[in-house]
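Visitor: I am new to this structure, and I would be glad if you could take me slowly through a single part of it. Please choose one part, look at it closely, and then set it in its surroundings.

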Amino acid sequence: MKNNKTGLVFFPAFDWAISPTHPEREERLLYTRDQIFEEGVLDLPEIEEYAPRLATIHDIARVHFCVPRVQSQVTEAHLIAAGSATLLADAIVHGELKNGFALVRPPGHHAMRVVHGNRGFCNINNEAILVEYLRRHHGIKRIAIVDSDVHHGDGTQDIFYHDPDVLFISFHQDGRTIYPGTGFPNELGGPGAYARTINIPLPPGLGDETFHYVVDNLILPILEEFKPEFIINSAGQDNHFTDPLGSMRFTARGYAEFTRKLNPHLAVLEGGYAIETALPYVNLAILLALAGHDYSYVREPEWPGTILENPERVARVQRVVEQLRNVWENRDRVDLDKIFGTGTFFQRRKHIYYDTDYIEEEQLERVRRCPNCPGYITIDSRADHGYGHSNRVFCVSIPFTACGACQTEAYDAYEQARGLAQYQFVYLQDKSTDTFLAFDRDKGQEWVSEGPKVGE
Amino acid sequence: MYIGIDVGGTCTDAVLLDRGLVRAMAKVPTREDLLSSLLEALDEIMKGVEGELVERVVFSTTVITNLIAEKKYDPVGLILMPGPGLSPSLYRFPTDTYIIQGAIDYRGREIIPLRLTEVDQAAAELAARGYRKVAVVGKFSCRNHRHEKEVAARVLWNYPDWHVELGHQVAGQLNFPRRVVSTYLTCATREKYQFFVRSVQEAISQRGIKGAIFILKADGGTLPLESSLEAPVETIFSGPAASTLGVQALTPPGETAVVVDIGGTTTDLALILSGQPLLASRGARVDDMLTHVRALAVKSVPVGGDSVVERVGKDIIIYSERLGAPYCLGGPLPTPTDALRVLGLTRLGDVDRAREAMQMLGAPLGLSVAEMASRVTTRVIETITREIEAMFCRWEQEPAYRVWEVLQKKKVRPSTVVGVGGGAAGFVSQIAARLGCYPVIPPYAPVANAIGAAVARPTLQVTLRADTEQGIYIIQEEGYQGKITERSFNEEKALELAKEWLCKRAARHGLEDCVEGLEVTRREVFNMVRDWVTVGRLIDVTVQTRRGILYHVGVGGTSE
C-alpha cells in the first residue's frame, strides 16, 4: 500500500544567524512556528513530523569544492539543513511518504560548485546535495528542480549547467532589478545539456495571474515531456507581495496553487524574508497543499485582493514564455556547434561575487565535449578575499555517468595540476566512483574521502 | 503520615506511609461507585490510626475518565473564532459548532474584528437547541484573550445563568484544535467533578483527617483537591503516572529504567530517564480527541496475563480482550498466565489445568506442553520488548529546533526493567534479558501505584511571554495580560517576574512551601529586527516547582 503522508522536517535553527540583524537570523521562522503549531497541522493524520538529521561531509564533497575544505565552509546548521532534505527523500523513496517539506534554514540555492565563502546567504546547496544523494543512494537518474524564489537560483544552475539528466527551471524577478543579476532566457545550459536550464525573468510588480500563466504554459508542459523521476521545489517565498527584498506580488494562495500543480516530491525552503506578513501564511499554505488539504482559508492579513498587473509587462512575460517553448521544442534539432563552437572543450569565464563575504572570484570552467557521456569538467578558480589575500585552486569533476575515457583524462588533469605551483589546492570529484580527493600544496598532503559504502 | 490511594479501573489500592516506610496497604475491587471504593480502601489502611496523624492524602481516580468515556455530562456547544488558516472542515468536534468572525495573530494583534451580532445569533441558536453550557475559543487566544472575553461577556449578558468556559483559561499553549477540545471537556465535566470533590472532602473530614488533600494529575504532579476544580481534565490518566512515580520511589535515584506494568489485558510501559519520568511531547488523547492535557509518555500494549490465546493455523495469536480468568484459575480459555504456570514462573492457579490449556493449544501443532508454554511466553515478551524499543526510538526522534539540540541527541537505552502489576513477576526477567538489562521487581510492587500517589510532589508552573515591542506580557497559566512599564525590561527581569507570579500562584493554592528550588524549564529570547534595527524582544520563560517525588520509600518496617 502506498503511503499517503506528507513528511515535514521543521528546523528553524533558533540558535543560528549570519549576524544578529541579518535577514537570515534566529527570528526568521519564529512566527511560522507559531502559526503551524497553533493551527494544529502536525496533528493531522496526513502530516508527519521528522527529527532532522545531519548530512555527512562526504555528501557535501559529492557536490561542492569547498576551499580549503568542507569543514571550513559549513557549520552544523548547514549540515542539518542539507541532511533534512536527504532524510525526507529517503522516506519518500522508501514509500513511507508521498512527499515532503524541508522547512529548514539556512538556505542554499546561491551556492555554486566552487565555494570560497557565503554568497546570497548560502554556503552549500541543499537541493544539489539532494540530487547527487538521490543518484548515488537510490539510483534515481532524471530529476527536475523548479526554483520559485524571487532571486535567480544561480548556484543550482551553475552546478547542473552541463548535466543533461537534471532539468533546472527558475522563475524570478528580472536580474536587472535584483540580486544576483543573472537568470536570463539565453542561459540555457552547456553543449551537453542544452535546454536543461530554463530561466524566466519576471518584470517587477507582477502577481499570481502571470505566475500561473508561466506555470501552466511553460513549466508544466516541459516537465510533462521531461518525465523526471523526482521533482524538487526550491521553495523560496520572497515573490510574496510583502517581501522586503523582492518586488513581486504573489500571495500565499498563489504559492499553494503552484505547489498543488507542480506536485513536487520535496519542497525545500529557500529565501523569504517577510517573516511576519508572508512566511507564517505561505509555509502553512504550502504544507496544506502538499498534504492535499484545502488551503483556501489561508489568507494574509494584508491580502490586497485581486491586483491589476501592468499589461505591457504581462505581454513581455508571454513573449518570453513563447520563446522558451520554442527553444524547448526544438532542443534536439538545434545545431549545437553553431552555439558552442566545435572544440573538444567548451569553456566559459565567470566572474562571481560573494555579497555576504565580499569575495571576488574569477573562474575558467572547461567541459569536455564527449560523445559518450556528459564530459568531465575542470575549473580554474582564483578568489580575491581583499587585503591582498587570494586563493587559486584547480578542480576536476567527473560526472556520475562518465565514460572510461573521460574518467582517465580527468585523473590525468588532476595529476597535472598537482604539479603546478600556482594552485594552492587541487581537487578531484569522481562521482562515478564516489571518491573525492583534495591536495594541499603547503602541507604536501592529499585527503581522500570515499564515504560509506552504498547500503551502509 | 502520608496516604496514597489509586482508584484504578479494576482495583483500588491504598498505602499508609510513615517517614518512608510502608505502615499499611490495602487492595479492594473498584466498584461503580468510585467514592465508596476509595473510602473502603482508606478505612482499611486507617485501622487503628488516628486521623490527626495524617498530614497528607493524595489520590488518583478515574472519575473524569469514566465521565467522558460514558458521556455522562451535559451537552456543550462551541463558539469558535478560527480566523484564517486551516479549513474548518478539517475540525472534528463532537458537538454543535458555530464559527464567527474575528481573528488574532501570532503576536496577539487583532487582524479581524468581532461582530457581536454573530455572537448573539450563535448563542440564540445554541439556546434553541437546549444548550446551557458553551465553550468559547479563539485561535491565538493565548496571545490575546480580548475576543474570547468579549464573546463570553456578550453570551452571559444574554443568558446570565449559562456556564461559559474560555479557551485561554484552560490551555495557554499553542494548538487551537486541542485548545477547543480541552475547553470543551473542561466545560462538560466541571459541574459533575465539583460534586465528586465535595463528597470526597466531606467523607475525609468525617474521618477526622485534617491534612491536606491532593489529587494526582496525568503528568505525575499533584494539585490541592480544591484547586483541581479549575482543571478537572488534568486528573485524567493519572493511573500510569501513579505507577511510574511509585517505581521512582522504590528504586535508587538517577536510574534509566523501563516501567512495565502488566495487568490483566494491557501492559503499560513508561520510561524513567536518569531518574525522571518522561513526559509526552504532546497532550493526551482523550476519548479519541487530542487535548492539551500534559501526561507522562505511556504506551499501552494490548496484552496481559488474562489475554486470550488462540491457535490460528500454525500460528498463535494473543488477543487484546479478556474472556474471564486464566484457564488455571477456572477461566474458559488458555492465557499467558497458564503458560507461566506450566513453566513454573507463577504459583497462581492449578498446574494441571494450566497444562491442559497448553495441551489444547499445542497438540494440533505437535508441540509438547512445555514447548507450547514457552512459545506463548516468548510471544508476549517479543511484543513487549518491540514496543519498548519503539518507545526509545520515538523519544530519540522527537523534533529539535536548535542546532545544539540536534547535536546533543544520543542513543539512550535503559539499564533496568522494573516490573509492577499482577502479571509482572513471570515476564520481567525475560524481558530484561532480551534488552540486556537488570530485572527488578521492587518490594510492594503490587501497590507501587498507591505509593507513587502518596509521594508525588505538588507541581505548579508559570509560563511568561513578553513582547517588549508591544510592551505587553502574558502569564499563560493564569490567562493574565499585563503591561510592561519598565523601559529596561530584559530576560532577567522576565525571569524574576515569572518567579513572582509562581509564588503568587503557589500562595493562592496554599502551596507556599513548595516554591523552593524552582526550575527554569524554558528560556527563549528572540530579538525582533525590523529594517536592520532591533525594535524589541520576544521573551518566553517557564518556571516550575520541583517535579517528582518527595522521598524514596525504603524496605521493611511494615506493620503487618
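Guide: A UniProt annotation is given here in the numbering of this structure, with its feature name shortened, and it may be inferred rather than shown by experiment. With that caution, and remembering also that the model is a predicted one, we can begin with chain B, where an unreviewed UniProt entry places the annotation "domain: Hydantoinase A/oxoprolinase" on residues 179–459. The C-alpha atoms at the two ends of this span of chain B are 21 Å apart, and the span is 40% helix and 19% strand.

The part I would choose for a close look is helix H9 of chain B, which runs through residues 351–362 and so has 12 residues. From its first C-alpha to its last, H9(B) reaches 16 Å, close to the 16 Å expected at 1.5 Å a residue. Which residues of H9(B) are buried? They are Ala354(B), Ala357(B), Met358(B), Leu361(B) and Gly362(B), where buried means that 20 or more other C-beta atoms lie within 10 Å of the residue's own. These residues cover an arc of only 120 degrees around the axis, and they therefore lie on the same side of H9(B). A general point about helices helps with reading such a pattern: an α-helix has 3.6 residues a turn, so residues three or four places apart point the same way. As for what covers the buried residues of H9(B), the elements of chain B included there are strand E19 (307–312) and strand E20 (315–322), together with helix H8 (336–342) and helix H10 (369–396).

Stepping back from the helix to its whole chain, we find 14 helices and 27 strands in chain B, and buried residues make up 48% of its 560 residues. Along its principal axes, the C-alpha trace of chain B spans about 75 × 55 × 55 Å. Because a compact globule with 560 residues would have a radius of gyration near 24 Å, the 26 Å of chain B agrees with that expectation. Among the contacts in chain B with a separation of 6 or more, 63% are accounted for by residues 24 or more positions apart.

The surroundings also include a partner, since 33 residues of chain B are in contact with 38 residues of chain A. On the side of chain A that touches chain B, strand E1 (6–11), helix H1 (30–39), helix H4 (76–93) and helix H9 (279–290) of chain A each supply at least two residues, and H1(A) gives the most, with seven residues. Sorted by class, this side of chain A has 21 nonpolar, five polar and 12 charged residues.

Chain A itself has 12 helices and 17 strands, and 57% of its 456 residues count as buried. Its C-alpha atoms fill a box of roughly 65 × 55 × 45 Å, taken along the principal axes. For chain A, too, an unreviewed UniProt entry supplies an annotation, "domain: Histone deacetylase", which covers residues 71–277, and the end C-alpha atoms of that span of chain A lie 36 Å apart.

How values were computed:
Residues are numbered from 1 along each chain as its sequence is written. Chains are lettered from A and ligands numbered from 1 in the order in which they are written. This is a predicted model: local features need pLDDT of at least 70, side-chain atom pairs count only at pLDDT 80 or more; totals for chains, interfaces and linings use all residues. Two residues are in contact if their C-beta atoms, placed from the backbone, lie within 7 Å. Helices (H or I, at least four residues) and strands (E, at least two) are DSSP runs, numbered from the N terminus. Ala, Val, Leu, Ile, Met, Phe, Trp, Tyr, Cys and Pro count as nonpolar, Asp, Glu, Lys and Arg as charged, and the others, Gly among them, as polar. A residue is buried if 20 or more other C-beta atoms lie within 10 Å of its own, exposed if 12 or fewer, and partly exposed in between; C-beta atoms are placed from the backbone. The expected span of a helix is 1.5 Å times one less than its number of residues. The arc is that of the directions from the helix axis to the C-beta atoms. The radius of gyration is taken over C-alpha atoms; the globule rule is 2.2 Å times the number of residues to the power 0.38.
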